[in-house]
Amino acid sequence: MSAGLATRAPLTIEQRRVRSAWWFVAPMIVALVAVAGWPLTRTFWFSVTDANFSDLSVAQFIGIDNFTDLLADPVWWSSVRNTLVFTFVSVLLETVLGLIVALILNSHFPMRGAIRAAVLVPWAIPTVVSAQLWNWMYHDVFGIINESLIWMGVLDHPVAWIANPHTNLWAIVAVDVWKTTPFMALLLLAGLQQISAEVYEAARVDGIHPVKVFFRITLPLLKPALLVAVIFRVLDAMRVFDVIYVMTGNNQTTMSISVYARQQLVDFQNVGMGSAAATLLFALIAIIAVIYITAARIGKET
Amino acid sequence: MIRRFCMQVVFAVLVAIVTLYAVLPFLWAVISSLKTGSALFAGPIIPAHPAWENYLSVFRQQDFGRSILNSLLVAISTVALSLSLALATAYALGRVNFRGRRLLLFTVLGVSMFPQIAVLSGMFELVTVLGLYNNPLAMIFSYLLFTLPFTVWVLTSFMREVPRELEEAALADGAGPLTILVKIFLPILMPSVATTGLLAFIAAWNEFLFALTFTLTPDQRTVPVAIALISGASAHELPWGNIMAASVIVTLPLIVLVLIFQRKIVAGLTAGAVKG
């Protein structure tokens with residue numbers, strides 16, 4: 001009798017815990033459905049309607065017309081191109097620079113704590129502020145960048161970095177790299193600090209060249225942290241809006257998919273087209289995430 | 001010996017370059033904010049007499065104070081709301097083994113990867129239907145989209161690290177789950193909750209796309225929208241001194257906070273990212 005009670009009693013406590021667990025997560029689930037699930041479903045629906053921004057209640061189903069219009073629009077394709085170029089180049093530069101900064105911060109030198117704090121400054125600055133700040137530094141006549149480059153003799157006349165269609169996307173990439181490298185560096189630094197010092201000590205005793213140590217030991221051991229940091233940044237860069245919109249507005253030569261979708265939605269009041277563009281961006285990001293996670297899993301198993 | 005010395009010099013130069021690269025642009029904003037009129041475009045790099053007019057005119061011409069209050073209201077409410085929802089969730093996800101736990105955790109992670117633009121039209125509809133258009137409440141509501149997944153994820157990973165014994169002792173005393181969460185976990189996790197809250201605060205303080213789309217009149221704007229839309233007499237005469245002053249005002253507190261909580265922030269960020 002007492003033995004039977006003893007085995008049953010913990011079970012009921014556990015069951016009660018599970019039941020209360022659902023009560024604990026329920027408010028969060030309701031909130032997520034309200035701010036993510038429902039609006040996303042509505043966006044999918046609007047993408048196959050002729051919805052107008054001024055009155056969303058009269059949307060009519062029109063099939064895939066928005067998508068065919070979208071794929072026929074050269075501005076859409078240039079926004080896709082800009083987004084991919086922006087993502088690829090900024091994430092690549094951020095990874096390389098972030099790795100260099102992380103390696104520096106991982107070694108011992110005086111004032112390391114202060115330097116690590118200083119490196120965090122760009123990350124703490126709101127994107128809108130950093131966009132305005134760099135716009136000022138890029139100023140075509142009085143900008144400090146033009147003045148410095150002329151003073152150093154690199155340029156002989158000022159360049160309109162933001163107005164010139166050949167330089168503006170690169171100017172924006174440079175701002176994003178400046179702003180996001182600290183984040184990358186910190187994630188990689190955390191990865192570096194998990195590599196045990198004994199590995200390096202053994203390599204040093206064996207007299208292995210530091211460059212070889214980096215490629216044969218550091219990089220492979222850092223791979224998991226590197227993969228996570230890169231996917232986070234790729235998915236974040238794909239949806240870029242703030243920095244591009246503040247620096248160049250709806251300029252076609254730099255427009256990203258997010259900027260394109262918002263222009264359709266708000267400026268052209270064409271909620272159908274804007275939602276179609278947003279839906280395609282969502283699909284693109286989901287596909288990249290799935291491919292990446294699957295590849296990382298396969299890589300881990302083999 | 002000489003080689004070693006050279007290496008150290010190269011290393012020191014590298015450290016200096018990295019530091020200057022990180023810090024100089026913001027310093028330039030501070031310097032520019034102290035210049036007015038022609039001093040902005042010519043004259044010495046560092047002004048001999050710092051001019052504080054920009055800081056005053058930002059508040060006089062743009063009603064920047066109102067924007068700061070809006071931003072504070074939005075960011076603090078968003079943080080409070082998402083922390084309370086996330087703490088309860090993190091307790092369940094981190095301490096109780098129930099069916100569907102992993103699925104829920106991955107759904108939350110998936111939502112954190114949503115591009116904001118993908119919910120924009122649906123969210124706009126929701127905001128207008130609820131009567132929140134051109135009202136800071138619209139931002140408090142919609143910002144849960146990104147603060148909630150983040151806080152849930154980070155707090156869950158912190159919650160898991162709390163030793164089992166503490167909870168078991170309370171369970172043995174017959175304490176209910178809510179008591180355990182508030183009396184046992186909250187005090188232990190207070191530093192982590194503060195860090196997570198700070199990161200969520202920064203995200204809400206900086207948000208631009210929703211704030212731009214869901215507000216109409218200047219008096220409802222948050223700080224990022226106000227700074228992005230500061231304009232002068234014409235597009236070619238942007239009041240750069242004012243823009244830089246406004247930028248410094250909203251950024252300096254953030255930088256100070258980040259520098260103070262530096263170590264904790266790194267722990268929070270890596271808990272959010274690496275443990276996934």
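In this predicted model, helices α7 and α9 of chain B lie roughly antiparallel to each other, because their angle of about 155° exceeds the 145 degrees beyond which a pair is classed in this way. Helix α7(B) covers residues 144-160 and helix α9(B) covers residues 177-206, and their axes are 10 Å apart. The crossing of this pair is right-handed. From α7(B), the contact draws on B:Phe146, B:Thr147, B:Phe150, B:Thr151, B:Val154, B:Leu155, B:Phe158 and B:Met159. From α9(B), the residues taking part are B:Phe185, B:Leu189, B:Ser192, B:Thr196, B:Ala200, B:Ala203 and B:Ala204. Sorted by class, this contact has 11 nonpolar and four polar residues, with no charged residues.

A second helix pair in chain B joins α1, residues 2-33, to α12, residues 240-260. The axes of α1(B) and α12(B) come within 8 Å and cross at roughly 125°. These two helices are therefore oblique to each other, and α1(B) passes α12(B) in a left-handed crossing. On the α1(B) side the contact involves B:Ala29, B:Val30, B:Ser32 and B:Ser33. These residues meet B:Trp240, B:Gly241, B:Met244, B:Ala245, B:Ser247 and B:Val248 in α12(B). The contact of α1(B) with α12(B) comprises six nonpolar and four polar residues, and no charged ones.

Helix α12 of chain B also holds B:Ile255. With 18 other C-beta atoms within 10 Å, B:Ile255 is partly exposed, because a count of 20 or more would be needed for a residue to be buried. Leaving aside residues up to four places away in sequence, B:Ile255 touches A:Val121 and A:Ala124. B:Ile255 and B:Glu161 are separated by 94 residues in sequence and by 29 Å in space, C-alpha to C-alpha.

The contact between the chains takes 70 residues from chain A and 67 residues from chain B. On the side of chain A that touches chain B, the largest share comes from helix α1(A), residues 2-46, which supplies 19 residues. That side of chain A consists of 56 nonpolar, nine polar and five charged residues.

The overall figures for the two chains are set out below.

| Property | Chain A | Chain B |
|---|---|---|
| Helices and strands | 13 helices, zero strands | 13 helices, zero strands |
| Radius of gyration | 26 Å | 23 Å |
| Box along the principal axes | about 90 × 70 × 35 Å | roughly 75 × 70 × 30 Å |
| Buried residues | 41% of 302 residues | 46% of 276 residues |

Read along the sequence, chain B follows the pattern α-α-α-α-α-α-α-α-α-α-α-α-α. The radius of gyration of chain B, 23 Å, is well over the 19 Å that the globule rule gives for 276 residues, so chain B is more spread out than a compact globule. From the N terminus on, chain A runs α-α-α-α-α-α-α-α-α-α-α-α-α. For chain A the radius of gyration is 26 Å, whereas a compact globule of 302 residues would have a value near 19 Å.

Sequence separation within each chain can also be described. In chain B, 77% of the contacts with a separation of 6 or more are between residues 24 or more positions apart. In chain A, 68% of the contacts between residues at least 6 apart in sequence join residues at least 24 apart.

Methods
Residues are numbered from 1 along each chain as its sequence is written. Chains are lettered from A and ligands numbered from 1 in the order in which they are written. This is a predicted model: local features need pLDDT of at least 70, side-chain atom pairs count only at pLDDT 80 or more; totals for chains, interfaces and linings use all residues. Helices (H or I, at least four residues) and strands (E, at least two) are DSSP runs, numbered from the N terminus. The radius of gyration is taken over C-alpha atoms; the globule rule is 2.2 Å times the number of residues to the power 0.38. A residue is buried if 20 or more other C-beta atoms lie within 10 Å of its own, exposed if 12 or fewer, and partly exposed in between; C-beta atoms are placed from the backbone. Two residues are in contact if their C-beta atoms, placed from the backbone, lie within 7 Å. Axes are lines fitted to C-alpha atoms, for helices over the stretch in contact, and angles run from 0 to 180 degrees between N-to-C directions. Angles under 35 degrees count as roughly parallel, over 145 as roughly antiparallel, 65 to 115 as roughly perpendicular and the rest as oblique. A crossing is left-handed if the near helix is turned anticlockwise from the far one by less than a right angle, and right-handed if clockwise. Ala, Val, Leu, Ile, Met, Phe, Trp, Tyr, Cys and Pro count as nonpolar, Asp, Glu, Lys and Arg as charged, and the others, Gly among them, as polar.
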